[in-house]
Amino acid sequence: MKLMTHLIDIISPIYQDLLKSCERRKISVNLDVQDLTIGIADPEPTEKFLRTEIRRALRNCTAGDKITLSESDNADFIKLSVKNSGRHTLLADEKAKLIAAGYEVRARFGYDTIVSLKIAR
């Protein structure tokens, strides 16, 4: 039987790196996670998602913007999101690729960009 990795074990090192990057660039960071003890059976896709989407958010943000990592869950799935208030939105082909990869994407010019990953329980 494989042990579950807790969400905190995945997010903590990534969040610490994000804080350092954002402090230098004067970008606000928000962590909106309800339960850091949630078990993740396969941590690799979750870690890859967070690192990739945080890099994208950092590219889109400038001083004064905000990046939020959030989690919500229900009986069926855990939803992790990376939200940024950067002035640049995703290009249509970027958005299409993310949706094709199974991510939820909300990106409109003038609004926040949110990319989410749903993980089945």
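Arg-55 is found in helix α2 of this predicted model. Is Arg-55 buried, exposed or partly exposed? At a relative accessibility of 48%, Arg-55 counts as partly exposed. Along the sequence, Arg-55 lies 37 residues from Leu-18, yet the two C-alpha atoms are 9.1 Å apart in space.

Let me turn to the helix itself. Helix α2 covers residues 43-60, which makes 18 residues. From first C-alpha to last, α2 reaches 26 Å, close to the 26 Å expected at 1.5 Å a residue. Which residues in α2 are buried? They are Pro-43, Thr-46, Phe-49, Leu-50, Glu-53, Ile-54, Arg-56, Ala-57, Leu-58 and Asn-60. As general background, an α-helix has 3.6 residues a turn, so residues three or four places apart point the same way. The buried set in α2 includes charged side chains, namely Glu-53 and Arg-56, while Arg-55 is partly exposed.

I move now to the sheet. Five strands form an open sheet, in the order β2-β4-β5-β7-β6, and the pairing is mixed. At the edges stand β2, residues 28-33, and β6, residues 104-107, each of which pairs on one side only. From one strand to the next, the twist averages 10 degrees. Helix α2 packs on this sheet, where it touches β4, β5 and β7, the last being residues 113-120. The direction of α2 makes about 20 degrees with that of β5.

How do strands β4 and β5 run relative to each other, parallel or antiparallel? Strand β4, residues 66-73, and strand β5, residues 77-84, run antiparallel and are joined by seven bridges. Within this pair, Thr-68 stands opposite Lys-83 in β5. In general terms, strands of a sheet pair through backbone hydrogen bonds, either parallel or antiparallel.

My last topic is the cysteines. How many disulfides does the model contain? The count comes to zero, where a disulfide would require a pair of cysteine sulfur atoms within 2.5 Å. Why is Cys-22 not bonded to Cys-61? The closest cysteine sulfur to that of Cys-22 is in Cys-61, and because the distance is 7.3 Å, it is too far for a bond. Seen from the other side, the sulfur of Cys-61 has Cys-22 as its closest cysteine partner, again at 7.3 Å. As for accessibility, Cys-22 is buried, with a relative accessible area of 1%. Cys-61 likewise counts as buried, because its relative accessibility is 2%.

Key. Residues are numbered from 1 along each chain as its sequence is written. This is a predicted model: local features need pLDDT of at least 70, side-chain atom pairs count only at pLDDT 80 or more; totals for chains, interfaces and linings use all residues. Side-chain values use heavy atoms; hydrogens and water are left out. Helices (H or I, at least four residues) and strands (E, at least two) are DSSP runs, numbered from the N terminus. The expected span of a helix is 1.5 Å times one less than its number of residues. Buried means under 20% relative accessible area, exposed over 50%, partly exposed in between (1.4 Å probe, protein chains only). Two strands pair if DSSP finds at least two bridges between them. Axes are lines fitted to C-alpha atoms, for helices over the stretch in contact, and angles run from 0 to 180 degrees between N-to-C directions. Contact means heavy atoms within 4.5 Å.
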